[in-house]
Amino acid sequence: MSSRRSRQSSTGSSRISDDQIIELVSKLQQLLPEIRNRRSSKASASKVLQETCNYIRNLNRQVDDLSDRLSQLLSTIDADSPEAAIIRSLIM
């Protein structure tokens, strides 16, 4: 079989080649700090996808944590204070 074979989606209308998959995995690999900072530049596609999922989960946790901290901060300050105005300007 050729390395340029195509994969058909479940709908049967869209095809993606192995080369396109390799390119997409490579782009993901460049975005992931955990893999990008390693000395070895090669990682399996399954490892890249696993690290991508872990990274997204971690980012979601960080967003949740920051949202909680912001809510706590906003609940402790006067809505008309200069601090509240600064926070509003940053999140708008």
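**A mostly helical chain with a nonpolar patch**

Residues 49-76 are 100% helix and 0% strand, with 41 Å between the C-alpha atoms at the two ends. Helices here are DSSP runs of H or I of at least four residues, strands are runs of E of at least two, and both are numbered from the N terminus. The unreviewed UniProt entry gives this stretch, residues 49-76, the feature "coiled-coil region"; such annotations may be inferred rather than shown by experiment, and the positions follow the numbering used here, with feature names shortened. The model is a predicted one, where local features need pLDDT of at least 70 and side-chain atom pairs count only at pLDDT 80 or more, while totals for chains, interfaces and linings use all residues. Residues are numbered from 1 along each chain as its sequence is written, and side-chain values use heavy atoms, leaving out hydrogens and water.

Taken as a whole, the chain has four helices and two strands, and reading along the sequence gives β-β-α-α-α-α. Of its 92 residues, 13% count as buried, meaning under 20% relative accessible area with a 1.4 Å probe and protein chains only; exposed is over 50%, and partly exposed lies in between.

Now for helix α1. It takes in residues 18-31, 14 in total, and runs 20 Å from first C-alpha to last, close to the 20 Å expected at 1.5 Å a residue (the expected span is 1.5 Å times one less than the number of residues). D18, V25 and Q29 are the buried residues picked out in α1. They sit on the same side of the helix because they cover an arc of only 45° around the axis, the arc being that of the directions from the helix axis to the C-beta atoms. The face of α1 turned away from this buried side carries the exposed Q30 and L31.

Further along, L74, I86, L90, I91 and M92 make up a nonpolar patch on the surface, sharing about 580 Å² of accessible area. Patch members have over 30% relative accessible area and no salt bridge, with nonpolar side chains (Val, Leu, Ile, Met, Phe, Trp, Tyr) joined within 5 Å and like charges within 9 Å. A salt bridge means a side-chain nitrogen of Lys or Arg within 4 Å of a carboxyl oxygen of Asp or Glu; areas come from the Shrake-Rupley method with a 1.4 Å probe, and for residues only the protein chains shown count as cover.

Helix α4 (residues 82-91) supplies the largest share of the patch, three residues. M92 comes in the segment after α4 and counts as exposed because its relative accessibility is 77%. R88 also belongs to α4, but at 37% relative accessibility R88 is partly exposed. Between R88 and L74 there are 9.7 Å in space, C-alpha to C-alpha, and the two are 14 residues apart in sequence.
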